[in-house]
Structure formats: structure tokens, C-alpha cells
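Here are my notes on this model, set out as numbered points. Please read them with the coordinates open.

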Amino acid sequence: EVQLVESGGGLVQAGGSLRLSCAASTSTFDDYTIGWFRQAPGKERVRVSYISSSDGIAYYADSVKGRFTISRDNAKNMVYLQMNSLKPEDTAVYYCAADTIPVSVLGGKARYWGQGTQVTVSS
């Protein structure tokens, strides 16, 4: 069993920045693909970004390319999402998700999920 805890959300003005963190409780953290998802009110949950366990390559949704950066620190069992140039449409609850099966994360079917952290961007 793996526990995931997100932090770093908050209220910011458009154009501002936030860094989200995801802490994982596992001794085999480097075996996990980690994804970031978000869900805005009245909308479906969508994948924002993910980072692989094998080569550490990051992928991004078109809506956040050039603005968000995902990274991981395996020594600390941490994954981060640096969010710059924030827009009101980025407002959502953000979740991290983890699975040793990469395709499960990509498809939003990861085995483990955090509780979410609220990001609100004002115009």
C-alpha cells in the first residue's frame, strides 16, 4: 500500500506561480510512474502531466506545455509540479497518482491517488 499526500495549493493571481508537491510512502518509489491530474468544477478529471520511472522523461498536456514542469527526487520520495504563468482556467483540484504500470497512470487508472490540493487562480 502506498500513501500519497499533495501540498502546495493556494490562491494566486493570474500570471503567478505555485509549486505542488507529492510525497509518497514507499520503499520502492523509483519503480513508480507518477502523474498529475486536475478536476475543475463541473468538468471531468484530466491528465496534466506525468513522469516515467524508467528514464524520468516528462510529458505534458497541450494546455500546460511551456508553463508547467514536473520533476522527481527519488532520494526524497517526492514529485513536484512547478506551475508558472498561471491562468484562471488552471483553477482546479490537483491530484497526484502512482502506479508501477505506466499505462495505468497515463489512462487515469492508477492504483494510488492522493487526496488533492486546491489551486485557485484569480483574474
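**Notes on the predicted model**

1. **Disulfide.** C22 is buried, and C96 is buried too. This is a predicted model, and the two cysteines form a disulfide in it, with their sulfur atoms 2.1 Å apart. The count comes to one disulfide. The link of C22 and C96 is right-handed, with 65° about the S-S bond. It joins distant parts of the chain: C22 sits in strand β3 and C96 in strand β9, 74 residues apart.

2. **Open sheet.** Which strands form the open sheet, and in what order? There are four, in the order β1-β3-β8-β7, and the pairing is antiparallel. β1 (4-7) and β7 are the edge strands, each pairing on one side only. Neighbouring strands of this sheet are turned by 15° against each other on average, with direction ignored. Strands of a sheet pair through backbone hydrogen bonds, in a parallel or an antiparallel way.

3. **The β3 and β8 pair.** Inside that sheet, β3 and β8 pair in the antiparallel sense over six bridges. For a place to check the register, take A23: it stands opposite M78 in β8.

4. **Main core.** The largest nonpolar core has 28 residues. Which of them touch the most other members? They are L4, W36, F68, L81, M83 and Y94. Several strands give two or more residues to this core: β3 (18-24), β4 (33-39), β5 (46-51), β7 (68-73), β8 (78-83), β9 (92-99) and β11 (117-122).

5. **Second core.** A separate core of five residues is also present. Its members include F37, Y50, A97 and A110.

6. **Y94.** This residue is among those that touch the most other members of the largest core. What does Y94 touch, not counting residues up to four places away in sequence? The aromatic partners are W36, F37 and F68. Y94 also touches L20, V48, L81, M83 and V119. E6, R38, G116 and T117 complete the set. One of these partners, F37, belongs to the second core.

7. **D90.** This residue is found in the loop between β8 and β9. Is D90 buried or exposed? D90 counts as buried because its relative accessibility is 0%. A polar atom of the D90 side chain lies 2.8 Å from the backbone nitrogen of K87. Leaving aside neighbours within four places in sequence, D90 is in contact with R38, R67, F68, S85, V119 and V121. Among these, F68 is also one of the residues that touch the most other members of the largest core.

8. **Positive phi at N77.** Most residues other than glycine have a negative phi. N77 has a phi near 55°, a positive value in a residue other than glycine. Its place is in the loop between β7 and β8. N77 counts as buried because its relative accessibility is 17%, and the cut-off for buried is under 20%.

9. **Positive phi at S85.** S85 also has a positive phi, about 50°, although it is not a glycine. S85 is found in the loop between β8 and β9. Where does S85 fall on the accessibility scale? It counts as partly exposed, because its relative accessibility is 42%. S85 is also one of the residues in contact with D90.

Definitions and conventions. Residues are numbered from 1 along each chain as its sequence is written. This is a predicted model: local features need pLDDT of at least 70, side-chain atom pairs count only at pLDDT 80 or more; totals for chains, interfaces and linings use all residues. Side-chain values use heavy atoms; hydrogens and water are left out. A nonpolar core is a set of buried Ala, Val, Leu, Ile, Met, Phe, Trp, Tyr and Cys residues joined through side-chain atoms within 4.5 Å. Buried means under 20% relative accessible area, exposed over 50%, partly exposed in between (1.4 Å probe, protein chains only). Contact means heavy atoms within 4.5 Å. A disulfide is a pair of cysteine sulfur atoms within 2.5 Å. A polar contact is a pair of N or O atoms within 3.5 Å; within protein, one must be able to donate a hydrogen and the other to accept it, and residues adjacent in sequence count only if both atoms are side-chain atoms. Two strands pair if DSSP finds at least two bridges between them. Axes are lines fitted to C-alpha atoms, for helices over the stretch in contact, and angles run from 0 to 180 degrees between N-to-C directions.
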